[in-house]
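Student: Hey, I've got a structure open and no idea where to start. Can you walk me through it?
Tutor: Sure, let's take a look together.

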Amino acid sequence: MENKNCDCFIGFLSGEQVNKSNIGYEVESIEKIQPTFKAYGILKGEPLSKKQIVDNRRGYLSRFAFCPHCGEKLNWKSILENI
Ligand SMILES: [Zn+2]
């Protein structure tokens, strides 16, 4: 059962707090800034795609299993489908 009234706090993306409503925006902002980081030598390797940014094995996105506000179990599959 989804809690429609809570904008669930779902984790951190490169240190920024991420909610269900802004994860798309946060992922997109990282995707857009990467070429700039690359140009300044801050980014090692190649810019990542959105799917790679949200891949928790890469360590950009730390995911909560449950929302700390409403306690709902987070459905990561459906969250990531909308990115
Ligand atoms: Zn919640």
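Tutor: One term before we count anything: helices (H or I, at least four residues) and strands (E, at least two) are DSSP runs, numbered from the N terminus. Also keep in mind that this is a predicted model.

Student: Okay, so how many helices and strands are there in the protein chain?
Tutor: The protein chain has 3 helices and 3 strands. Starting at the N terminus, the elements go β-β-α-α-β-α.

Student: And what kind of box would the C-alpha atoms fill?
Tutor: Roughly 45 × 20 × 20 Å, taken along the principal axes.

Student: Let's do the strands. In what order do they sit in the sheet?
Tutor: The order is 2-1-3, in an open sheet with antiparallel pairing. Strand 2 and strand 3 (61-63) are at the edges with a single partner strand each, so each has one side without a neighbour in the sheet. On average, neighbouring strands are turned by 30° against each other, ignoring direction.

Student: How many bridges hold strand 1 and strand 3 together as a pair?
Tutor: Those two pair over 3 bridges, in the antiparallel sense. If you click on F12, its bridge partner in strand 3 is S62.

Student: Where does helix 1 come in, which strands does it touch?
Tutor: Helix 1 packs on the sheet and touches strand 1 and strand 2. Its direction makes about 10° with that of strand 1.

Student: What's the reach of helix 1 from its first C-alpha to its last?
Tutor: Helix 1 covers residues 23-39, which is 17 residues, and reaches 25 Å. That is close to the 24 Å expected at 1.5 Å a residue.

Student: Where's the kink in helix 1?
Tutor: At I33, shortly before the proline P35, and the kink is about 35°. Just after the helix comes G41, with a positive phi near 80°.

Student: Which residues of helix 1 are buried?
Tutor: I23, E26 and V27. Their cover includes strand 1, strand 2 (16-19), helix 2 (50-53) and helix 3 (76-81). As background, an α-helix has 3.6 residues a turn, so residues three or four places apart point the same way.

Student: Switching topic: which residues make up the largest nonpolar core?
Tutor: There are 9 of them: C8, I10, L13, V18, I23, V27, I53, V54 and L61. Strand 1 and helix 1 each put at least two residues into this core.

Student: Say I pick I53. What does it touch?
Tutor: Leaving out residues up to four places away in sequence, I53 touches V27, I30, E31, L48, Y60 and L61.

Student: What share of the 83 residues is buried overall?
Tutor: Buried residues make up 13% of the protein chain.

Student: Now S14. Where is it?
Tutor: S14 sits in the loop between strand 1 and strand 2. Its phi is near 50°, a positive value in a residue other than glycine.

Student: Why does S14 count as partly exposed?
Tutor: Because it has 14 other C-beta atoms within 10 Å, and a residue is buried at 20 or more and exposed at 12 or fewer.

Student: Last one, N5: buried or exposed?
Tutor: N5 is exposed, because only 7 other C-beta atoms lie within 10 Å, and 12 or fewer counts as exposed. N5 belongs to the segment before strand 1 (9-13). The C-alpha atoms of N5 and C70 are 9.2 Å apart, although 65 residues separate them along the chain.

Terms used. Residues numbered from 1 in each chain as written. Predicted model: local features only at pLDDT ≥ 70, side-chain atom pairs only at ≥ 80, totals over all residues. Expected span 1.5 Å × (residues − 1). Bend = angle between axes of the 7 residues up to and from the residue. Contact = placed C-beta atoms within 7 Å. Core = buried A, V, L, I, M, F, W, Y, C linked by C-beta atoms within 7 Å. Pairing = 2+ DSSP bridges. Axes fitted to C-alpha atoms, helices over the stretch in contact; angles between N-to-C directions.
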